Amino acid sequence: MPTVVIGLLLYGLFSRMGPLGELGLLYTQSAMIIAQSILIFPIMMNLTLVTVNTADPRLILTLQSLGADKWQQCFQVLKAVRLAVLVAILTGFGRAIGEVGAAMMLGGNIEGLPPLHWKPVKANLNWHWRSA
């Protein structure tokens, strides 16, 4: 799903007149975290499910014959495909770090490190345009 669609949906939910407006989440870091989580969840879940479904089917049969319960089977399958699950986590992290659309829509102009970080860059750009 496009990031703008998720951003607009969450903006509507978190705005003052929205269903979750009384929580006061709009223009907060919590809203940005919620948006990023919604964005990366389908990617991570899909990669993990594909990995688990392509695991060796003999592993489940072996675990069942050894008397393992469902939780033990789940743990052993995840242990067998742990590197692919790590790739899914890293892919989700890369998606969250590389995406700014929904974060900008829901975060707005939050005071803190990012504006302070960009002030020297803005000053340098203004100087460059004036000297040209």
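**Surface, core and contacts of a helical chain**

Val5 has a relative accessible area of 36%, so this residue is partly exposed. Its position is in helix α1, which covers residues 3-14. Together with Met1 and Leu9, Val5 makes a nonpolar patch of about 320 Å² on the surface. A residue can join such a patch if its relative accessible area is over 30%, among other conditions, and the 36% of Val5 meets that cut-off. The model described here is a predicted one.

A step back to the whole chain helps to place these details. The chain has seven helices and zero strands, so its pattern, read along the sequence, is α-α-α-α-α-α-α. Of the 132 residues in the chain, 23% are buried. The accessible surface comes to about 9900 Å², and carbon and sulfur atoms account for 69% of this surface. Contacts also reach across the sequence: when those with a separation of 6 or more are counted, 69% join residues that are 24 or more positions apart.

What lies inside? In soluble globular proteins, nonpolar side chains tend to be buried together. The largest nonpolar core in this model has ten residues in all: Ile6, Leu10, Phe14, Leu25, Leu26, Ala31, Ala35, Leu39, Ala102 and Leu106. Helices α1, α2 and α6 (101-107) are the elements that give two or more residues to this core. Leu25, one of the core residues, gives a closer view of the contacts there. With neighbours within four places in sequence left aside, Leu25 is in contact with Phe14, Ser30, Ala31 and Ile34. Phe14 and Ala31 are also listed among the members of the core.

Buried positions are not limited to nonpolar residues, as Gln73 shows: its relative accessibility is 8%, so it counts as buried, the cut-off being under 20%. Gln73 sits in helix α4, which runs over residues 70-80. Which residues does Gln73 touch, not counting those up to four places away in sequence? The list consists of Ile60, Leu63, Gln64 and Ala68.

Aromatic rings give another link. The structure holds one aromatic pair. Tyr11 and Tyr27 form this pair, with 6.3 Å from centre to centre and 70° between the planes, in an edge-to-face arrangement. Because Tyr11 lies in helix α1 and Tyr27 in the loop between α1 and α2, the pair ties together parts that are 16 residues apart in sequence. Both partners fall into the middle class of exposure: Tyr11 is partly exposed, with a relative accessible area of 31%, and Tyr27 is partly exposed at 43% relative accessibility. Tyr27 has a further feature in its backbone, since its phi is near 65°, a positive value in a residue other than glycine.

Charged side chains also meet in this model, where the count comes to one salt bridge. The partners are Asp56 and Arg58, whose side chains meet at 3.0 Å, N to O. Are these two residues buried, partly exposed or exposed? Asp56 has a relative accessibility of 38%, so it counts as partly exposed. Arg58 reaches a relative accessible area of 58% and is therefore exposed, as the cut-off for that class is over 50%.

Definitions and conventions
Residues numbered from 1 in each chain as written. Predicted model: local features only at pLDDT ≥ 70, side-chain atom pairs only at ≥ 80, totals over all residues. Heavy atoms only, no water. Patch = residues over 30% accessible without salt bridge, like charges linked within 9 Å, V, L, I, M, F, W, Y side chains within 5 Å. Areas by Shrake-Rupley, 256 points an atom, 1.4 Å probe, with all protein chains shown as cover. Salt bridge = Lys/Arg side-chain N within 4 Å of Asp/Glu carboxyl O. Helix = DSSP H or I, 4+ residues; strand = E, 2+ residues; numbered from the N terminus. Buried < 20%, exposed > 50% of the residue type's maximum accessible area, 1.4 Å probe, protein only. Contact = heavy atoms within 4.5 Å. Phe/Tyr/Trp six-rings, centres within 6.5 Å; stacked < 30°, edge-to-face > 60°. Core = buried A, V, L, I, M, F, W, Y, C linked by side-chain atoms within 4.5 Å.
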